Amino acid sequence: MVSQVEPVTSLVPDLLAGKDSAVDELVNRSLRRLIVAAMRYGAALREDAEEIAWDAIYNTLRNVSNLSFKGVGGKDPLFNYMVKSARHAAIDLHRLKVKEQDALAELGATLAAARVPTVARFQSRDPEDDSDTTETGELRALSQGGSDEVMSGEVSQMSDFLSALTEGDRLLVQLHAEGVMTSGEIGREVGLSDAAVRQRVKRLRDRFRKERQDV
Amino acid sequence: MSDLSESDRDRESLRQFLQLVRASQPDGPDDDQFWDVITKGAEDIDVSEETLEEARRRARLALALARHELTLGKYLSSLREAAELSRDAAAKVARLSPDVVAEIESDKSRLLSVEARRLASLAVAVGAVKAAFMELAGQAIGRPTSQAGLPRLTRIDRDATLLESERAVRKSQTTRSDSQPEIYLSELSSAFDDETERTRQA
């Protein structure tokens with residue numbers, strides 16, 4: 001799949017030179033994508049997604065003179081910086097909301113135990129729920145961080161493993177790991193059924209485990 | 001204690017695998033294809049002209065800061081003028097005297113002597129972007145001013161009462177605190193958030 005979106009990195013010289021047309025072009029090419037990305041990563045309200053998108057543009061351009069584009073993958077490193085900024089902000093926001101939800105759920109449970117009547121009983125999502133829904137356990141995992149158990153050697157092995165995969169398999173694994181799309185949605189992107197996506201990811205997991213054992 | 005079932009072990013190993021994938025790309029993947037999928041459908045979403053214009057405004061602001069073209073005074077005065085707000089009106093909203101606002105806008109104010117919440121009120125009233133405002137305020141505090149303290153009064157003291165009342169007003173608006181810049185900036189940041197929330201709810 002070749003990207004159909006015009007890159008924004010080529011606008012950098014004109015942006016630094018203060019050309020308004022470059023600003024217009026940057027916004028036209030990137031704002032909608034950033035809003036969608038923010039919503040993917042958990043910004044439930046459109047206004048939050050817009051705010052995140054504005055901040056991503058601001059934060060990236062504020063430091064544009066200092067950005068290094070060398071070693072940043074892809075054909076559009078400037079957009080990469082912006083969308084990662086939006087991702088980070090949306091995950092932080094989602095993390096906050098999850099905390100609030102968990103606190104409310106705990107409160108609800110406490111009230112229920114004390115048999116205090118409530119107007120609405122809040123029920124939190126079960127993070128172990130494996131059903132095909134948008135709010136997957138992986139997004140919750142992403143929001144909670146949880147990379148403490150991971151050793152740097154394993155990370156390095158995983159990086160090598162991902163680099164060696166075909167584009168399709170790498171995309172599959174990355175999308176599944178991010179937890180912002182259901183298996184069904186991922187399947188539609190890569191041309192597989194929901195069940196086939198899950199099966200393929202498990203096979204890649206098995207392959208990774210075997211390769212690690214062989215090392 | 002029973003062992004985990006095979007499906008539990010399978011689920012756990014998958015969880016660990018995906019966690020490792022995430023750990024290997026903590027900021028997200030670099031692949032264009034990945035982001036193309038994540039942002040798919042963007043061309044179909046409606047975005048208001050106001051939303052687009054705000055994005056352009058912030059982009060220009062960021063670039064102006066990157067080029068070191070802005071001071072706090074220039075920023076706030078340009079916002080006030082763009083909002084078509086008179087200095088008197090802005091001063092009234094922030095509960096500052098117009099003279100103090102003029103000093104701030106000309107970068108002659110000793111910022112630490114202006115109450116944080118009043119400065120924040122001024123910034124919110126004229127529509128400042130918090131990140132830019134805080135950065136410029138930080139620079140203003142760190143930057144040595146050519147005219148520290150109050151400006152010299154050049155008027156002939158014909159009406160001492162008037163001058164005394166001006167001094168009293170000025171005194172009530174300024175802090176005597178010897179706050180360190182970091183404390184002041186922290187107060188300024190909180191005050192900005194409070195004022196923004198207050199304005200939103202109004």
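Contact here means heavy atoms within 4.5 Å, and the model shown in these views is a predicted one.

**View 1. Chain A meets chain B through 74 residues of chain A and 50 residues of chain B.** Together the two chains bury about 5900 Å², with 60% of that on carbon and sulfur atoms. On the chain A side, look for Arg32(A), Tyr58(A) and Arg62(A): these lose the most area to chain B, together 13% of what that side buries. For the complex, the predictor reports an ipTM of 0.80 and a pTM of 0.79.

**View 2. Polar pairs and salt bridges link chain A and chain B, with 12 salt bridges in the count.** One to zoom in on joins the side chains of Lys40(B) and Glu189(A), at 3.1 Å from N to O. Across this interface, 31 residue pairs are in polar contact, both partners at pLDDT 80 or more. H2(A) gives the most to the side of chain A that touches chain B, with 12 residues.

**View 3. The largest nonpolar core holds 104 residues.** Touching the most other members are Leu31(A), Phe17(B), Tyr75(B), Leu76(B), Leu119(B) and Phe133(B). Helix H2 of chain A, residues 20-40, gives the most to this core, with 10 residues. Now settle on Leu119(B): beyond neighbours within four places in sequence, its contacts include Ile104(B), Leu111(B), Val114(B), Tyr184(B) and Leu188(B).

**View 4. Residues 144-162 of chain B have pLDDT below 50.** Chain B as a whole has a mean pLDDT of 84, and 80% of its residues reach 70 or more. Beyond near neighbours in sequence, the 144-162 stretch makes 13 contacts in the model. Please go gently here, because predicted coordinates should not be read in detail where pLDDT is low.

Note on methods. Residues numbered from 1 in each chain as written. Chains lettered and ligands numbered in written order. Heavy atoms only, no water. pLDDT = per-residue confidence, 0-100. Core = buried A, V, L, I, M, F, W, Y, C linked by side-chain atoms within 4.5 Å. Buried < 20%, exposed > 50% of the residue type's maximum accessible area, 1.4 Å probe, protein only. Helix = DSSP H or I, 4+ residues; strand = E, 2+ residues; numbered from the N terminus. Buried area = accessible area lost by both parts, 1.4 Å probe. Salt bridge = Lys/Arg side-chain N within 4 Å of Asp/Glu carboxyl O. Polar contact = N/O pair within 3.5 Å; in protein donor to acceptor, adjacent residues only side chain to side chain.
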